[in-house]
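Reader: I should like to go through the reasoning behind some of the assignments in this structure. Please set each value against its criterion.

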Amino acid sequence: MQEEVRDQEKSLEPWVSHIKKTFSGNERMMILSTYYRQRGYKPIYALKGSFSLLLEIPFFIAAYSFLSGLEIMNGVSFGPIANLGAPDGLITLFGISINLLPILMTIINVIAAAIYLKGFPLKSKIQMYGIAVIFLVLLYYSPAGLVFYWTLNNVFSLVKNIFYKLNNPGKVIKICLSIVGLFLLIFGIVRPFNSISRQLIILATGFVLLIPIALSLLKKRSIKKIKIFQISDATKTDTLIFIICCTFLTVLTGILIPSSVINSSTAEFISSQNTVSPIWFIVSAFLYAAGLFFIWFSIFYYLASPKIKKIICCIVFILSIAFLIDYMFFGTNYGNLSNVLVYDIEPEITNIDILFNSAIVLIVSVLCVLAMKKTKIVKGLCLVLCIAIVCMSTINIVGIANNIQEINTNENSNLKSSNPIISLSSKGKNVVILMMDKAASVFVPYLLSEKPQLKRQFEGFTYYPNTLSSGGNTLVGLPEVFGGYEYTPDKINKRTDIPLSQKHNEALKVLPAIFSNKGYNVTIGNPSFAGYTYSMDLSIFSDIKNARVYKTDKKLSTGFDNIDKKISSDIKYSQFRNFFEFSIFKSSPVIFQNQIYSSGNYNSSHTMNKAISTQVTSGLCKARGITEEYLNSYSVMVNLKTITKINNTKKNSFNIMCNDLTHSPLLLQTPDYLPELEVDNSNYDKEPLLKKADNIKQDLKITKTEQIKYYHVNMETFLLLGDWFDYLRDNHIYNNTRIILVSDHGTPTGFDQYKYGDNRYEDASTYNPILLVKDFDSKGFNTDYQFMTNADVPTLAFNNIVKHPKNPYTGQPINNAEKSKMKNMNTYMSNPQPDKNTGNTFEFTNKSTVIINKDLLNPKHWKKISIK
Amino acid sequence: MHSAYIDPGTGSMLFTVLVGVFGAGFFVLRKLFVRVVFYLKNGRKATMAIDECIKYAIYTDSKRYWNVFEPICDEFEKRGVSLVYMTSSKDDPAFLKKYNHIDCRFIGEGNKAFVTLNVLKATILLSSTPGLEVYQWKRSKDVDYYIHIPHAISDITLYHMFGIDYFDAILISGEYQEKQIRKLEKMRGLPSKEIILVGQPYMDTLKQRVDANVSDNNDTLSVLVAPSWGSSSILNRYGSKIINALLLTGYHIIIRPHPQSFVSEKELLNKLMLEFPDSEQLEWNTDNDNFDVLNRSSIMISDFSGVIFDFALAFDKPIIYADTSFDKAPYDACWLDDKLWTFETLSNIGVQLKEKDFDRLKEIIDKSIFSEEYKNCRDKARQESWANIGCSANIIADYLIEKNGDLSSAESKKSQTENISK
């Protein structure tokens with residue numbers, strides 16, 4: 001490109017200098033520009049000459065900032081270079097160490113320039129050599145890795161320059177490409193691959209590299225006869241299509257996808273630590289997208305010849321349609337995301353998915369190429385698509401703005417939240433309900449076997465393994481825990497005249513209201529979805545006397561304070577960076593998706609070294625990072641002793657505390673199950689990971705990261721609770737305290753022995769919550785296999801201390817009589833979010849039924865029920 | 001309860017609906033859009049037509065060229081065809097004439113005039129000003145045809161570079177000019193312009209005056225010195241030497257300094273006029289109109305090519321030309337290797353004045369006056385450079401009117417087909 005411009009400038013030179021000599025002032029400028037116009041030369045072409053240089057600058061800056069701070073280079077040696085992360089210092093003369101690599105780089109640079117500049121005016125020579133010197137100065141003290149990269153870059157341009165001096169560079173390139181292509185094809189066929197996508201990519205690349213030589217082997221004329229090779233010049237309509245498609249891609253990846261993620265659960269992107277409005281994440285993604293699709297694409301389009309422009313236009317059109325289809329119709333079942341855009345379960349992309357999607361993309365591409373014959377129609381189509389996604393983006397953004405406003409209103413009404421506390425009386429009676437979200441009962445026997453001290457610490461508890469939750473998530477599973485059998489999903493949906501939000505709040509208040517009426521000190525911590533919102537509206541408890549309500553949104557120290565800070569800055573970083581990456585991931589062909597997602601790392605060099613907001617695991621034993629949600633929940637559980645307030649009065653007390661530690665899967669450092677930034681369990685856990693339990697023949701065969709992570713947080717919860725029980729014992733308030741340890745639902749653990757269907761939630765462990773109950777003065781650790789449900793909790797809580805309890809909101813008696821009347825019970829899944837379940841009844845996504853009074857965990861006792 | 005509940009839908013349903021709605025709406029909207037644009041375009045055109053409907057416009061940057069345009073205006077007036085004459089001279093002689101069909105307008109000087117011209121609405125614009133699309137003067141979107149008329153019969157390449165490249169048509173006075181234009185077009189890859197051989201109105205007028213005022217004073221010979229100004233002009237270079245030499249010839253000497261000399265070379269003139277005051281033999285002439293002095297002169301000594309050709313071709317009188325060293329650099333002429341017609345012709349129709357010949361100036365003057373050869377060369381030059389003597393204005397008017405007809409019918413055809421296609 002530079003050469004082309006130089007040649008043109010050379011041919012213009014005589015008259016240009018004549019004009020410059022002859023005329024002066026304005027006239028010179030005007031005559032000159034007329035001359036340029038007549039010769040079809042735009043003065044901006046002078047820039048075009050330096051364009052290739054300008055184009056290099058962003059890449060250089062990117063390479064520079066990437067390589068100069070890349071920690072993995074630190075201390076890594078390469079050949080004679082001892083440390084890639086520092087200047088090489090290869091030669092030492094008279095005690096002064098000299099960096100050889102930058103000098104070598106400059107020499108190569110100068111040679112390359114000399115070859116290239118043969119026959120050019122002195123001005124260009126000075127320019128080029130000047131740049132070589134500047135790079136020497138700039139990079140002299142840079143890390144050897146960076147200089148090495150830049151040296152190779154110069155070697156490449158040296159080779160390129162030699163190439164151009166050859167008689168027939170095109171032919172040589174074609175031959176070289178075909179050799180590489182052939183090699184790749186053989187490599188792709190012969191070498192066994194564990195990932196089909198990699199194999200496909202290698203084979204495809206090899207094939208593409210062979211195309212140029214194949215085309216030149218066929219006679220040029222015969223090629224030209226084939227219609228598809230007759231490429232016309234780009235017209236104004238093509239340019240318009242190009243612009244519309246770039247806009248489309250920018251809006252799709254920069255606004256639509258990020259905004260629909262944020263709009264689906266705005267609350268998760270707003271935390272008390274994070275003062276940045278999530279709208280800024282969209283702005284950030286938009287800037288990335290505009291930078292790529294508008295600025296970069298446009299630069300290349302502008303520089304291209306009319307024929308290449310036509311091809312670029314076609315490519316951008318194909319990209320737009322393929323992106324749209326990939327986003328709309330593929331990868332829609334990858335599951336739930338965290339607020340740093342990491343799926344809670346690594347998306348499983350099968351080879352069939354890849355092949356199917358690749359075929360569709362291929363067909364669409366061919367159709368797009370054919371469609372380009374009718375550019376007017378394509379233009380119209382693109383315009384319509386573009387307007388449609390702009391509208392959708394607008395809807396999303398308005399939704400987000402509304403959500404933010406609502407959340408802020410709730411936050412303001414919540415300022416009264418008390419400090420976290422578990423209030424226990426040393427002389428009266430205490431009832432404590434610990435609701436451990438998602439705690440899985442199936443783990444319990446294995447936990448107890450692995451850590452035998454737990455049985456001692458849990459002295460007095462009765463474990464009910466055969467416990468059912470009717471809901472598979474908090475929204476449908478929680479109400480029955482606190483409200484009893486009147487609040488099972490079936491019953492909630494039967495009361496069609498009352499809004500879901502009201503029924504949810506009622507359920508949360510049943511126990512506090514009754515205990516408060518009986519003169520208990522009532523303390524409620526983190527009541528899930530209070531006020532039927534994420535952010536928990538505590539004001540719903542304002543009519544309950546003597547009630548203390550709190551949220552523990554990071555009010556306690558975890559001992560990881562510096563990590564906390566790092567995490568919140570890291571989350572911010574990820575959110576600013578990864579929304580665009582996520583968009584690209586979602587809209588790219590399935591074959592590339594794993595590569596882009598890179599286990600939630602989105603190919604960030606940053607995450608590997610600094611980011612800790614997600615835990616990146618390798619295998620089942622090693623991991624790096626801690627999540628914020630884990631720390632939030634952990635901060636409460638590790639501080640149970642601190643927040644326990646013992647009063648010496650006779651006043652009875654009632655405590656509810658919800659906690660998400662068991663909902664925050666994390667690989668912990670064994671054998672003590674402690675959170676660490678860097679976890680390496682390879683000495684303790686040998687793969688294959690088998691967990692054994694007394695009395696259970698079937699071992700837990702852990703094969704997935706999620707399984708081990710959930711196992712770990714469940715274990716940690718039990719260990720922390722065990723400690724706390726010891727503390728209660730030491731303070732003589734254990735025996736007068738009734739403790740109910742329960743979860744709202746279980747975990748879809750994915751072990752084969754519990755699965756009764758293909759769906760991830762068609763897994764008995766999903767509906768098997770923990771239930772462990774310690775009554776006043778109870779002794780020993782018992783396991784009771786009777787059929788229980790977590791709707792039994794109110795009955796258990798009132799047992800012997802509140803006679804004939806009645807639901808103050810419905811007037812119905814509270815008991816578990818219902819259970820004995822039923823043969824089957826239904827279980828349900830719904831969308832997990834309150835704002836997606838407005839109205840008076842749930843809309844369920846999954847329904848199953850189980851025979852009660854039999855082993856719940858046996859898939860034979862389960863039956864899927866299709867939803868109308 | 002917290003986290004990992006973000007499960008964004010892709011909104012493919014909504015998308016499908018929106019695409020359907022916009023897709024259907026698109027074609028309706030486009031139709032509407034086309035209609036609105038059509039209405040705006042044509043509606044505006046219609047109002048514009050009422051507002052201003054110039055068919056013929058002339059623009060001149062100086063009153064100096066009134067002699068070029070006056071015959072054309074007169075012709076239009078005679079035919080009763082309306083024409084707008086736009087000038088950048090407030091005191092243009094055009095304003096003194098009482099025309100019925102010619103609308104004379106002062107449109108400001110320099111850029112102010114260009115602002116008007118750049119948005120002008122007219123079918124045809126005729127101008128002798130070069131530099132269209134080179135300087136600030138740009139083609140107006142609403143002018144259909146730009147026609148250039150030179151104000152001399154000399155080489156058409158004596159404009160600053162690219163000066164006439166962006167006109168649609170050039171009205172030339174001699175066929176040799178067409179060759180020059182075509183050569184430049186080829187060199188620069190420009191589309192070929194329409195070239196019409198019309199002649200030169202101001203020369204025609206001059207000729208008419210000459211024919212009407214046949215000089216009767218043939219007894220004494222008068223030698224006219226009509227220099228240009230500047231460091232290489234005759235008076236600057238030879239000063240008193242040439243005046244002395246001329247006085248020695250015994251002929252009546254008329255010196256008519258260039259008007260600019262009275263501004264920039266006052267000192268030199270004062271010195272010379274003091275040294276050689278007006279006398280019976282010597283006359284300093286400062287008439288506004290040079291016709292009389294040219295008419296009564298028998299021979300002219302000049303370094304100013306324009307007036308030389310007027311004198312030689314319209315008055316058919318001999319000339320002596322001073323060394324007119326000429327730097328082609330800024331001109332279109334610079335692009336062509338051929339010798340300029342002007343200088344080739346000069347050397348044919350007269351003697352070059354050289355200082356070493358001052359002694360035999362009388363001999364040279366006598367020879368020039370009575371030379372048959374020079375007369376023949378003058379005839380040849382006239383033939384080459386001045387076509388259609390006496391009827392150029394008529395031909396120009398014919399051409400402009402015919403051209404306007406062509407352009408109007410093409411325009412109406414175009415809008416008709418547009419209407420049909422819509």
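Author: The model is predicted. A suitable starting point is the pair Glu75(B) and Arg79(B), whose side chains meet in a salt bridge at 3.0 Å, N to O.

Reader: Why is the contact of Glu75(B) and Arg79(B) called a salt bridge?

Author: The criterion asks for a side-chain nitrogen of Lys or Arg within 4 Å of a carboxyl oxygen of Asp or Glu. The N to O value for Glu75(B) and Arg79(B) is 3.0 Å, and therefore the pair qualifies. Both residues lie in helix 2 (residues 66–79) of chain B, 4 residues apart, about one turn of the helix.

Reader: What makes Glu75(B) buried, and what is Arg79(B) by the same rule?

Author: Buried requires under 20% relative accessible area. Glu75(B) has 10% and is therefore buried. Arg79(B), at 30%, falls between that limit and the 50% above which a residue is exposed, so Arg79(B) is partly exposed.

Reader: How do you know that Asp165(B) forms a salt bridge with Arg188(B)?

Author: The closest N and O atoms are 2.7 Å apart, which is within the 4 Å limit. This pair links distant parts of the chain: Asp165(B) is in the loop between strand 5 (143–148) and strand 6 (169–172) of chain B, and Arg188(B) is in helix 4 (residues 175–188) of chain B, 23 residues apart. Asp165(B) has a relative accessible area of 7% and Arg188(B) has 4%, so each is buried under the 20% limit.

Reader: Why is the pair Lys403(B) and Glu194(B) said to tie together parts of the chain?

Author: Their side chains meet in a salt bridge at 3.1 Å, N to O. Lys403(B) lies in helix 14 (residues 392–421) and Glu194(B) in strand 7 (residues 194–197) of chain B, so the bridge joins parts 209 residues apart in sequence. Lys403(B), at 13% relative accessibility, counts as buried, whereas Glu194(B), at 26%, counts as partly exposed.

Reader: Which residue pair makes a salt bridge between chain A and chain B?

Author: Arg37(A) and Glu133(B) do, at 3.5 Å, N to O. This value is within 4 Å, so the criterion is met. The count between the two chains is 1 salt bridge, while the count over all chains is 45.

Reader: How much area do chain B and chain A bury between them?

Author: They bury about 4000 Å², 68% of it on carbon and sulfur atoms. The contact takes 34 residues from chain B and 52 residues from chain A.

Technical notes:
Residues numbered from 1 in each chain as written. Chains lettered and ligands numbered in written order. Predicted model: local features only at pLDDT ≥ 70, side-chain atom pairs only at ≥ 80, totals over all residues. Heavy atoms only, no water. Contact = heavy atoms within 4.5 Å. Buried area = accessible area lost by both parts, 1.4 Å probe. Helix = DSSP H or I, 4+ residues; strand = E, 2+ residues; numbered from the N terminus. Buried < 20%, exposed > 50% of the residue type's maximum accessible area, 1.4 Å probe, protein only.
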